[in-house]
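Please report on the empty space in this protein, covering its pockets and cavities. Add a short account of one strand pairing.

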Amino acid sequence: MKIDTIDTGYFYADGGAMFGAIPKSSWSRRYPCNAQNACVLAMRTLLIEADGRIILVDNGAGYKHLKTLGYYQFFDLHDLHEALSERGIRPTDVTDMVFTHLHFDHCGYTTLHDPSTGALRLAFPNASHWVSRRQWENFCHPHPLEQGSYFPEDMQLVETSGRLRLVEEEEMTLTPHVRLRLFDGHTPGQIALYADLPERTYLFAGDVIPLAAHLSQEWISAYDNEPLRSYEAKARMLAEAAADKQAIIYCHDAHTLCTTVKRINRFYSKDALLTLG
């Protein structure tokens, strides 16, 4: 098995929104911000080559909505096709596209405008596109408070092309060494991916734990729809990660890629810093 990450770009998010009820005097000691209280966030894609499959998890914001989303000040965007080509992978080689959830910064690259016709096409035309049924239903019928995070043109072509695969179970096996599990809170039915390597299990936590600074169970983003469920989901994820020495890959942390975690009484913190690839 090979496992690697690709940072598809960066954007700014308000620190108050990222850390919710936690005061700036506390969160700014764990995660830096600029004079406007804006924090730099990564848009991280996970690449797995295992069991004869090439699997991507999330794909960043893409390019279709950058003007509409100008508030976030996207920068240093890295085209995912080019990043894969540097690794000897063609778009048609990708067998599975897994989405933690369908907010714009996780699935915007799913469809691209064809340069010759302007029509939308799938970025990975041969891939099965995996999303939980709960998240798909939420995407199709979003609450008004979450509606601005979804763009139908990111995913409609996946459904009409027959490439949509809905995850029904709370846990499913994608390959003998890759598992998908569901966690509510940030948004319904978010997928966390577990890659079981010989040395340890690597966990792509999505927005259950987007930053290493969010390892405290009480540190919950204001972007989370149901904070009580977020607390429960994070508590469950962290207890297992600490007990089993799992490595958590942070999808949005621009400063910390991956760590194990340790438990001290009822609190959790970073343990060993890890690299991938």
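The report below takes the largest pocket, then the cavities, then a hairpin.

**The largest pocket**

The model is predicted. Its largest pocket has a volume of about 350 Å³. The lining of this pocket counts 21 residues. Nearest the pocket centre lie H103, S149, H186, D207 and Y223. Two elements, β1 (2-14) and α4 (104-107), each give two or more residues to the lining. The top contributor is α4, with three residues. By class, the pocket lining holds 10 nonpolar, seven polar and four charged residues.

**The cavities**

Rolling a probe the size of a water molecule over the atoms shows where empty space is left. Across the whole structure, the search finds three cavities of 30 Å³ or more. The largest cavity has a volume of about 80 Å³. Its lining is made up of 14 residues, and D207, V208, D224, S230 and K234 are the closest to the cavity centre. D207 thus appears in two places: it is among the residues nearest the centre of the largest pocket, and it is also among those closest to the centre of the largest cavity.

Helix α7 (residues 227-244) gives the most to the lining of the largest cavity, with three residues. That lining divides into five nonpolar, five polar and four charged residues.

The second largest cavity encloses about 60 Å³. Part of its lining is the run N59, G60, A61, G62 and Y63. Another part is the run L77, H78, D79 and L80. T8, M43 and Y109 complete the list. Six of these lining residues are nonpolar, five are polar and one is charged.

The table sets out the lining classes.

| Space | Nonpolar | Polar | Charged |
|---|---|---|---|
| Largest pocket | 10 residues | seven residues | four residues |
| Largest cavity | five residues | five residues | four residues |
| Second largest cavity | six residues | five residues | one residue |

**A hairpin**

How do strands β14 and β15 pair, parallel or antiparallel? The pairing of β14 (residues 258-264) with β15 (residues 267-274) is antiparallel and runs over six bridges. One of the residues with a bridge partner is V261, which is matched with K270 in β15. The two strands form a hairpin, with two residues between them. N265 sits in the turn and has a positive phi of about 60°.

Terms used. Residues numbered from 1 in each chain as written. Predicted model: local features only at pLDDT ≥ 70, side-chain atom pairs only at ≥ 80, totals over all residues. Heavy atoms only, no water. Pairing = 2+ DSSP bridges. Helix = DSSP H or I, 4+ residues; strand = E, 2+ residues; numbered from the N terminus. 1 Å grid on protein atoms, 1.4 Å probe; cavity = no way out; pocket = protein on both sides within 12 Å on 5 of 7 lines; lining within 4 Å. Points joined across faces, edges and corners; volume = space filled by probe spheres on them. Nonpolar A, V, L, I, M, F, W, Y, C, P; charged D, E, K, R; others polar.
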